[in-house]
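User: I am new to this structure. Please take a close look at the side-chain pairings and explain what each of them joins.
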Amino acid sequence: MRTPPRLLRLPVSDHLLRADTKPPTITCPSEVVANTAPGRNVANVSFTVSVSDDSGSFTILNDYNDLNTPEFVDEFPIGPTQVKFVAQDSSANKAECTVTV
């Protein structure tokens with residue numbers, strides 16, 4: 001007489017069963033003000049955008065200079081300029097913020 005096959009039960013991580021649907025958290029400064037040097041029509045500006053994600057993995061882009069770091073450094077012309085930042089995690093969840101320089 002043949003013995004029926006036994007089912008093998010493997011532990012499954014709870015993390016693997018749930019899709020990541022939570023977007024990253026991103027925070028921009030509300031406004032950045034900078035002065036130009038005498039005789040110059042641009043100002044050197046630097047600031048940091050705060051980004052976190054529960055997965056620990058994300059990318060960040062902005063629409064001003066396409067650098068992919070939270071530490072932002074660039075020259076800006078006189079007058080207000082808006083810069084949009086987009087953070088995306090490894091599950092393609094996105095969040096964005098905008099800063100006026």
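Analyst: The account below treats the reliability of the model, then the pairings one kind at a time, and lastly one residue with its contacts.

The model is predicted, so local features are described only at a pLDDT of at least 70 and side-chain atom pairs only at 80 or more, while totals for chains, interfaces and linings use all residues. Residues are numbered from 1 along each chain as its sequence is written, and side-chain values use heavy atoms, with hydrogens and water left out.

The predictor's confidence in each residue is its pLDDT, on a scale from 0 to 100. The protein averages 86, and 83% of the residues score at least 70. Among its elements, helix α1 (residues 14–17) has the lowest mean pLDDT, 57, and strand β7 the highest, 96. Helices (H or I, at least four residues) and strands (E, at least two) are DSSP runs numbered from the N terminus. Where pLDDT is low, the predicted coordinates should not be read in detail.

The disulfide comes next. A disulfide is counted when two cysteine sulfur atoms lie within 2.5 Å, and the structure holds 1. It joins C28 to C97, with an S to S distance of 1.9 Å. The torsion about this S-S bond is about 65 degrees, and the disulfide is therefore right-handed. Because C28 lies in the loop between β1 (25–27) and β2 (42–48) and C97 in strand β7 (residues 94–100), the pair ties together parts that are 69 residues apart in sequence. Both cysteines, C28 and C97, are buried, a term for under 20% relative accessible area, with exposed meaning over 50% and partly exposed in between (1.4 Å probe, protein chains only).

The aromatic rings follow. Rings of Phe, Tyr and Trp (its six-membered ring) pair if their centres lie within 6.5 Å; planes under 30 degrees apart are called stacked, over 60 edge-to-face and the rest tilted. By this rule there are 6 aromatic pairs. One of them, F47 with F85, is edge-to-face, at 6.0 Å centre to centre and 80 degrees between the planes. F47 belongs to strand β2 and F85 to strand β6 (residues 82–89), so this pair ties together parts 38 residues apart in sequence. Both F47 and F85 are buried. Y64 and F76, in contrast, form a stacked pair, with 4.2 Å between centres and 15 degrees between the planes. Since Y64 sits in the loop between β4 (58–62) and β5 (71–77) and F76 in strand β5, the parts tied together are 12 residues apart in sequence. Y64 is partly exposed at 30% relative accessibility, whereas F76 is buried at 2%. One aromatic cluster is formed by F47, Y64, F72, F76 and F85.

Side chains of opposite charge can pair when their charged atoms come close. A salt bridge requires a side-chain nitrogen of Lys or Arg within 4 Å of a carboxyl oxygen of Asp or Glu, and the structure holds 1. It links E75 with R40, whose closest N and O atoms are 3.1 Å apart. E75 lies in strand β5 and R40 in the loop between β1 and β2, so the pair ties together parts 35 residues apart in sequence. E75 is partly exposed at 34% relative accessibility, and R40 is partly exposed at 38%.

Finally, A87 is placed in strand β6 and is buried at 0% relative accessibility. A87 and I26 are 61 residues apart in sequence and 6.8 Å apart in space, C-alpha to C-alpha. Leaving out residues up to four places away in sequence, A87 touches P24, I26, V51, T59, I60, N93, K94 and A95, a contact being heavy atoms within 4.5 Å.
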